[in-house]
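Subject: Handing over the structure

Hi,

Here is the structure I promised to pass on to you. Please open it next to this message, and my notes come after it.

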Amino acid sequence: MSADEDDNDAGEDCPLCCNPFDATDKHFRPCKCGYQICAWCWHQLMELAAKDDKVAQCPACRQDYDESSITGASSGITIPAPNAAAIAAGKAAGADGGSRKHLFNVRVIQRNLVYVVGLNVQYCREDVLRRGDLFGRFGRIVKLQVSLPKPGDFQRQGSAYVTYHRGEDAARCIKGVDGTTLDGKVLRACFGTTKYCNAFLRYQQCSNPDCLYLHDMGSDNDSFTKEEMLA
Ligand SMILES: [Zn+2]
Ligand SMILES: [Zn+2]
Ligand SMILES: [Zn+2]
């Protein structure tokens, strides 16, 4: 994900999705080892592990995440609060109720984006994953972003965000990949989420032709806030 201009002063980025940490993420410590990922990626890892009735592991130290020892998730940080009701109200008021401020913290499931975990280290290269016998076989890939295994990860597993041109290809990819074994490792895949483009939120035309953030209103069913997710 390429950061919009406004995001450049945010400092650190999430090592998995490369989105800048926001106010919540900066205080979010999902693992005792201190390794930080954004709350969205953490949630996604937990969901994927739950498919195997497991708890997700920290990508850095491979300890199981202990939900009781997570800090920062609900430590009274106030975010200018969008919630489902506000989103619904905004939509009910017409196109967007005159303001899109409430959408700043909203994520929308992106039906052409696949998040996959469990990749063996030798597959953690964009040119390899794009191959016709791997993720390229499901359709045209617009963007592919790989996260290498972390230094403390002795299982040497990475992850990737794969953006397809068409949503149906992403759906076929998830069907074809989730639960399969590649080089002795079980892969897990699900749809990724994205946020609204800053230009869209300011009622401006986005000037970045490669921008992968949202420029249209997402559906209610696919939209949720960080508070809802961490609740
Ligand atoms: Zn992230
Ligand atoms: Zn850790
Ligand atoms: Zn944009």
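Below is what was found in it, going from the overall build to the metal sites, the strands and the salt bridges.

Before anything else, please keep in mind that this is a predicted model.

**Overall build**

The chain has 231 residues, and 48% of them are buried. It contains seven helices and seven strands. Read from the N terminus, the order of the elements is α-α-α-β-α-β-β-α-β-β-β-α-β-α, which puts three helices ahead of the opening strand. If you look at contacts with a separation of 6 or more, 64% of them come from residues 24 or more positions apart. The exposed area of the chain is about 11500 Å², and 50% of it is supplied by carbon and sulfur atoms.

**The zinc ion listed as ligand 1**

Which residues hold this zinc ion (ligand 1)? Its protein donors are the SG atoms of Cys14, Cys17, Cys38 and Cys41, at 2.3 to 2.4 Å from the ion. Along the sequence, these donor residues follow the spacing C-x2-C-x20-C-x2-C. The angles that the four donor atoms subtend around the zinc ion (ligand 1) are 106 to 116°, so the arrangement is tetrahedral. For that label, all angles have to lie between 85 and 135 degrees. As a reference point for your own geometry checks, the ideal angle for four tetrahedral donors is 109.5 degrees. Cysteine 14 and cysteine 17 are both buried.

**The zinc ion listed as ligand 3**

The zinc ion (ligand 3) has a mixed set of protein donors: Cys197, Cys206 and Cys211 through SG, and His215 through NE2. These lie 2.1 to 2.3 Å from the ion. The spacing of the donor residues in sequence is C-x8-C-x4-C-x3-H. Cysteine 197 sits in the loop between β6 (188-195) and α6 (198-201), while histidine 215 sits in the loop between α6 and β7 (223-225), so this pair ties together parts that are 18 residues apart in sequence. The site of the zinc ion (ligand 3) is tetrahedral too, with angles of 103 to 117° among the four donor atoms.

Are the two residues of that pair buried or exposed? Cysteine 197 has 0% relative accessibility and therefore counts as buried. Histidine 215 counts as partly exposed because its relative accessibility is 30%.

**Strand β1 and its partners**

Strand β1 (residues 106-120) deserves a look in your viewer. Of its 15 residues, 13 are buried, so β1 is largely enclosed by the rest of the structure.

Its pairings are these:

- β1 and β6 run antiparallel and are joined by eight bridges; valine 114 stands opposite phenylalanine 191 in β6.
- β1 and strand β3 (residues 157-164) run antiparallel and are joined by seven bridges; leucine 113 stands opposite threonine 163 in β3.
- β1 and β7 run antiparallel and are joined by three bridges; valine 106 has threonine 225 in β7 as its bridge partner.

**Salt bridges**

How many salt bridges does a search of the whole structure find? It finds eleven. One of the pairs is lysine 51 with aspartate 178, whose closest N and O atoms are 2.9 Å apart. This pair links distant parts of the chain: lysine 51 is in the loop between α2 (39-50) and α3 (84-92), and aspartate 178 is in the loop between α5 (167-177) and β4 (181-182), 127 residues away. Lysine 51 counts as partly exposed because its relative accessibility is 38%, and aspartate 178, with a relative accessible area of 22%, is partly exposed as well.

Another salt bridge joins arginine 125 to aspartate 127, with 2.6 Å between the closest N and O atoms. Arginine 125, at 46% relative accessibility, is partly exposed, and so is aspartate 127, at 45%.

Arginine 131 and aspartate 133 also form a salt bridge, their closest N and O atoms being 3.0 Å apart. There is a network as well: Lys51, Asp52, Asp178 and Arg188 are joined by salt bridges that share partners.

Happy to talk it through whenever suits you.

Best wishes

Key. Residues are numbered from 1 along each chain as its sequence is written. Chains are lettered from A and ligands numbered from 1 in the order in which they are written. This is a predicted model: local features need pLDDT of at least 70, side-chain atom pairs count only at pLDDT 80 or more; totals for chains, interfaces and linings use all residues. Side-chain values use heavy atoms; hydrogens and water are left out. Helices (H or I, at least four residues) and strands (E, at least two) are DSSP runs, numbered from the N terminus. Buried means under 20% relative accessible area, exposed over 50%, partly exposed in between (1.4 Å probe, protein chains only). Contact means heavy atoms within 4.5 Å. Accessible areas come from the Shrake-Rupley method with a 1.4 Å probe; for residues, only the protein chains shown count as cover. Donors are N, O and S atoms within 2.8 Å of the metal (3.2 Å for Na, K and Ca); water is not among the atoms, so sites may look incomplete. Four donors count as tetrahedral if all angles lie between 85 and 135 degrees; four count as square planar and six as octahedral if opposite donors are over 155 degrees apart and all others between 65 and 115; anything else is irregular. Two strands pair if DSSP finds at least two bridges between them. A salt bridge is a side-chain nitrogen of Lys or Arg within 4 Å of a carboxyl oxygen of Asp or Glu.
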